[in-house]
Amino acid sequence: MKEIYLAGGCFWGTQKFFDQFEGVLETEVGYANGKFLNPTYEQVCHDDTGHAETVRIRFDEEVISVSELLDKYFMTIDPLSVNRQGADVGVQYRTGIYYEDDVLLPDIQERIAREMVKLGQPLAVEVKPLENFSSAEEYHQKYLDKNPGGYCHIPTHLLELSK
């Protein structure tokens, strides 16, 4: 089992999107790479905490590779947008790929390079080691399962690819 942390705008949709794929064993929404541990949602939204809304993805690399996960990730984000995805604006909505295991880095770098060639310009997706991750409040976990009509910047048809 491996872990990767993906920030792609509002974490509700990103979690729902990745939950549908075989090989994704577990997801958890939270706040990554900010100035301190255990911020509240209100702090992340209104204070200068530096956190990104992020989804921790535990996956079976025998079933789904890092590259495949990132192919899917790029389906849901605008990789050129700075601190914005859909209607969500702010530092907490930046895009980022975070990792704890350096063995993932070559695949991450290769996938970023392919996307840059495709788009012909540098991406606004930060790639960094994970500095910290704090689980979001329980009401955010699997939010779109609990609130099926809830807001999501990811188009509905992408949330139903495995159906």
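In which strand is T27 found? T27 is found in strand β2, which covers residues 24-32; helices (H or I, at least four residues) and strands (E, at least two) are DSSP runs, numbered from the N terminus.

The structure is a predicted model, in which local features need pLDDT of at least 70, side-chain atom pairs count only at pLDDT 80 or more, and totals for chains, interfaces and linings use all residues. Residues are numbered from 1 along each chain as its sequence is written, and side-chain values use heavy atoms, with hydrogens and water left out.

## Buried residues in the strands

T27 has a relative accessibility of 7% and therefore counts as buried. The term buried means under 20% relative accessible area, exposed means over 50%, and partly exposed lies in between (1.4 Å probe, protein chains only). Leaving aside neighbours within four places in sequence, T27 is in contact with Q15, F18, D19, V55, R56, I57 and K142, where contact means heavy atoms within 4.5 Å. One of these residues, V55, is 28 residues from T27 along the chain, and the C-alpha atoms of T27 and V55 are separated by 6.4 Å.

A52 belongs to strand β3, residues 52-59. A52 is buried, with a relative accessible area of 0%. When residues up to four places away in sequence are not counted, A52 touches A7, G30, Y31, A32, Q92, R94 and Y98. The C-alpha atoms of A52 and A32 are separated by 5.3 Å, although these residues stand 20 places apart along the chain.

## The pair of helices α3 and α4

Two packed helices are described by the angle between their axes and the distance between the axes. The axes of helix α3 (residues 66-76) and helix α4 (residues 105-119) come within 9 Å and cross at roughly 35 degrees. Here, axes are lines fitted to C-alpha atoms, for helices over the stretch in contact, and angles run from 0 to 180 degrees between N-to-C directions. The crossing of α3 past α4 is right-handed; a crossing is left-handed if the near helix is turned anticlockwise from the far one by less than a right angle, and right-handed if clockwise.

Which residues of α3 meet α4? V66, S67, L70, D71 and F74 do so, and in α4 they meet D107, I108, E110, R111, I112, R114 and E115. The residues of this contact of α3 with α4 divide into 5 nonpolar, 1 polar and 6 charged. In this division, Ala, Val, Leu, Ile, Met, Phe, Trp, Tyr, Cys and Pro count as nonpolar, Asp, Glu, Lys and Arg as charged, and the others, Gly among them, as polar.

S67 lies in helix α3 and counts as buried at 18% relative accessibility. Beyond residues up to four places away in sequence, S67 touches E110, R111 and R114. The buried residues of α3 are V66, S67, L69, L70, Y73, F74 and T76. Seen down the axis of α3, these buried residues fall within an arc of 165 degrees, so they line one face of the helix; the arc is that of the directions from the helix axis to the C-beta atoms.

Helix α4 has 15 residues and reaches 21 Å from its first C-alpha to its last, close to the 21 Å expected at 1.5 Å a residue. The expected span of a helix is 1.5 Å times one less than its number of residues. In α4, the residues L105, I108, R111, I112 and E115 are buried. Seen down the axis of α4, its buried residues fall within an arc of 130 degrees, so they line one face of the helix. They pack against β1 (2-8), α3, β6 (95-99) and β7 (126-129). After α4 comes G120, whose phi is positive, near 70 degrees.

## Loop residues

Most residues other than glycine have a negative phi, and most peptide bonds are trans. N33 has a positive phi of about 50 degrees although it is not a glycine, and N83 has a positive phi of about 55 degrees although it is not a glycine. The table places these residues, together with G9, in their loops.

| Residue | Loop | Relative accessibility |
|---|---|---|
| G9 | between β1 and α1 (11-19) | 0%, buried |
| N33 | between β2 and α2 (41-46) | 8%, buried |
| N83 | between α3 and β4 (84-85) | 27%, partly exposed |

G9 touches E53, Q85, Y93, R94 and H153, not counting residues up to four places away in sequence. G9 and T49 are 40 residues apart in sequence and 16 Å apart in space, C-alpha to C-alpha.
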